[in-house]
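Subject: Structure for your review

Dear colleague,

Please find the structure below, together with its sequence. My findings follow directly after it.

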Amino acid sequence: MNATAATRHWLEQAVIGLNLCPFAKAVHVKEQIRWVESPARDAQGLLDDLLRELQLLAAADPETVETTLLIHPHALNDFLDYNDFLDVADAAIDELGLTGVLQVASFHPNYQFAGTAPDDVENLSNRSPHPMLHLLREDSIDRAVAAFPDTATIYERNIETLRSLGADGWRRLMSMAG
């Protein structure tokens, strides 16, 4: 399965299937997600792709392209390097004058929240099959938060869902044919 297909499977089975993000289903069903698989092999190549995708998303009609998944299977496979790159991504948004317009959400196969152990189940909520930068419109986030008044409870609900599923259940879910 290629990186885009694996990521689509993850989105459908985990993110939407387990309702880890209550806002993902609508944009997926409306086909408003731009799926981009970067050929980049290093941080500079990824930065070039990121800059291009930020500009494309900012210029796109939200009814057509609401969000972008920039999947980069060949760059920043080490989580600490990836995590360091998030500062570069934020600086790129600022450099393009898109602060307050776009933001980046982070997903990685080895994602680990600060203060957690590598095997803690809550890390699964941000574990995608390949490193990925999720480019989001801040207006969309604001609308989603307004429509879903208890956004603060999403994280806690996800932890409960993932604990119930367990690591073995997660592996089975991710290995199912897409």
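Strand E1 (residues 33-37) and strand E2 run parallel and are joined by five bridges. Please note that this is a predicted model. Within the E1 pairing, Arg-34 has Thr-68 of E2 as its bridge partner, and Trp-35 has Leu-69 of E2. Together with helix H3 (residues 43-59), strands E1 and E2 form a β-α-β unit, and this unit is right-handed.

E2 also pairs with strand E4 (residues 132-137), here in the antiparallel sense and again over five bridges. Leu-69 faces His-134 of E4 in this pairing. Leu-69 is thus the bridge partner of Trp-35 and also stands opposite His-134.

How much of strand E2 is buried? E2 spans residues 67-71, and five of its five residues are buried. In a regular strand, side chains point alternately to one face of the sheet and the other. In E2 both faces are covered: Thr-67, Leu-69 and Ile-71 are buried on one side, and Thr-68 and Leu-70 are buried on the other.

Turning to the interior, the largest nonpolar core comprises 25 residues. The residues with the most contacts inside this core are Leu-46, Leu-50, Leu-54, Phe-85, Leu-133 and Leu-135. Two or more residues each come from H3, helix H4 (79-95), strand E3 (102-107) and E4. The most, seven residues, come from H4. A second core, separate from this one, has 21 residues, among them Trp-10, Ile-16, Phe-107 and Leu-162.

Leu-46 deserves a separate mention. Leaving aside residues up to four places away in sequence, Leu-46 touches Ser-38, Ala-40, Leu-70, His-72, Leu-76, Phe-85 and Leu-133.

The two helices H3 and H4 pack against each other at an angle of about 35°, and their axes are 10 Å apart. The crossing of H3 past H4 is right-handed. On the H3 side, the residues that meet H4 are Ala-43, Leu-46, Leu-47, Leu-50, Leu-51 and Leu-54. Their counterparts in H4 are Phe-85, Val-88, Ala-89, Ala-92 and Ile-93.

Finally, two loop residues have backbone angles that you may wish to view in the model. Glu-31 is not a glycine, yet has a positive phi of about 55°. This residue lies in the loop between helix H2 (24-29) and E1. Leu-76, also a residue other than glycine, has a positive phi near 60° and is found in the loop between E2 and H4.

Is each of these two residues buried or exposed? Glu-31 has a relative accessible area of 66%, and because exposed means over 50%, Glu-31 counts as exposed. Leu-76 has a relative accessibility of 15%, and because buried means under 20%, Leu-76 counts as buried. Leu-76 is also one of the residues that Leu-46 touches.

With kind regards

Definitions and conventions:
Residues numbered from 1 in each chain as written. Predicted model: local features only at pLDDT ≥ 70, side-chain atom pairs only at ≥ 80, totals over all residues. Heavy atoms only, no water. Buried < 20%, exposed > 50% of the residue type's maximum accessible area, 1.4 Å probe, protein only. Helix = DSSP H or I, 4+ residues; strand = E, 2+ residues; numbered from the N terminus. Pairing = 2+ DSSP bridges. Right-handed = clockwise from strand over helix to strand, strands pointing away. Core = buried A, V, L, I, M, F, W, Y, C linked by side-chain atoms within 4.5 Å. Contact = heavy atoms within 4.5 Å. Axes fitted to C-alpha atoms, helices over the stretch in contact; angles between N-to-C directions. Left-handed = near helix turned anticlockwise from the far one by under 90°.
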